[in-house]
Amino acid sequence: MNKKTLFIILLLFLLQHCGYSPIYTNVNSLDYKLNVINISGDNDINNLITTYIKRYSNLSENKSLNLNIKTDYIKNVLSKNKEGKITNYLIKTRIEFELIDSKNNKKFVFEDEIKTNSMDNQFDFKKYENTIKSNFVNSAIEQFIFKISSTE
């Protein structure tokens with residue numbers, strides 16, 4: 001065996017047991033039942049949030065966290081062409097989670113903005129908007145759950 005293949009095999013064995021563990025391993029094992037007390041804002045985002053929260057909430061736990069959620073979704077026109085058709089949009093999304101606790105209240109705010117081109121087909125653009133909303137909500141919920149689980 002030459003030195004190169006021996007080095008690669010040795011490197012593979014050493015890196016297998018280096019103690020690496022992903023930081024999101026405990027995200028699915030939340031020790032709380034999440035109760036949404038009040039949710040306001042954009043209906044599409046609110047429906048996505050309640051779906052994702054049900055996924056992460058541990059219904060068999062006695063400990064519960066109460067949440068107030070406020071969402072915002074703003075689509076602004078950035079530019080138009082000579083004919084007056086919209087060519088670019090600025091989409092801003094914001095989710096504010098408020099943990100209501102008997103001792104103290106904590107707020108977690110997640111914001112994102114994206115610049116996008118308009119499409120000729122409005123059906124495709126609406127699907128694209130829904131994909132943007134879904135991705136943002138998924139990311140915000142994962143970050144929120146990670147912050148809750150890391151502050152315990």
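User: Which residues of H3 are buried?

Analyst: Happy to start there. This is a predicted model, in which local features need pLDDT of at least 70 and side-chain atom pairs count only at pLDDT 80 or more, while totals for chains, interfaces and linings use all residues. Residues are numbered from 1 along each chain as its sequence is written, and side-chain values use heavy atoms, with hydrogens and water left out. With buried taken as under 20% relative accessible area (exposed is over 50%, partly exposed in between; 1.4 Å probe, protein chains only), the buried residues of H3 are Phe125, Glu129, Ile132, Lys133, Phe136, Val137, Ala140, Ile141, Phe144, Ile145 and Ile148.

User: Which elements do the buried residues of H3 pack against?

Analyst: Helices (H or I, at least four residues) and strands (E, at least two) are DSSP runs, numbered from the N terminus. Contact means heavy atoms within 4.5 Å. The buried residues of H3 pack against S1, H2, S2, S3 and S4.

User: How many residues does H3 supply to the largest nonpolar core?

Analyst: A nonpolar core is a set of buried Ala, Val, Leu, Ile, Met, Phe, Trp, Tyr and Cys residues joined through side-chain atoms within 4.5 Å. The largest one has 27 residues, and Ile49, Ile95, Phe97, Ile141 and Phe144 touch the most other members. H2, S2, S3 (86–100), S4 (106–117) and H3 (122–150) each supply at least two of its residues. The largest share comes from H3, with nine residues.

User: Which residues of H3 does Phe97 contact?

Analyst: Phe97 is among the core residues that touch the most other members. Leaving aside neighbours within four places in sequence, its contacts include Ile49, Asn68, Ile69 and Phe108. Within the span of H3 (122–150), the contacts of Phe97 are Ala140, Ile141 and Phe144.

User: How far apart are the C-alpha atoms of Ile53 and Ile145?

Analyst: Ile53 lies in helix H2 and counts as buried because its relative accessible area is 4%. Not counting residues up to four places away in sequence, Ile53 touches Leu34, Val36, Leu67, Ile69 and Ile141. Ile53 and Ile145 are 92 residues apart along the chain, yet their C-alpha atoms are separated by 9.1 Å.

User: Why does Thr116 count as buried?

Analyst: Thr116 is found in strand S4. Leaving aside neighbours within four places in sequence, Thr116 is in contact with Thr87, Asn88, Tyr89, Ile91, Phe125 and Tyr128. Thr116 counts as buried because its relative accessibility is 7%.

User: In which sense do S1 and S2 pair, parallel or antiparallel?

Analyst: Two strands pair if DSSP finds at least two bridges between them. S1 (residues 33–40) and S2 (residues 64–80) have seven bridges, and one bridge joins Ser40 to Lys70 in S2. The sense of the pairing is parallel.

User: How many residues of H1 are buried?

Analyst: H1 (residues 3–16) reaches 20 Å from its first C-alpha to its last, close to the 20 Å expected; the expected span is 1.5 Å times one less than the number of residues. H1 lies largely in the open, because of its 14 residues the number buried is zero.

User: What share of the chain counts as buried?

Analyst: Read along the sequence, the chain follows the pattern α-β-α-β-β-β-α, with three helices and four strands. Residues 24 or more positions apart account for 64% of the contacts with a separation of 6 or more. Of the 152 residues, the share that counts as buried is 26%.
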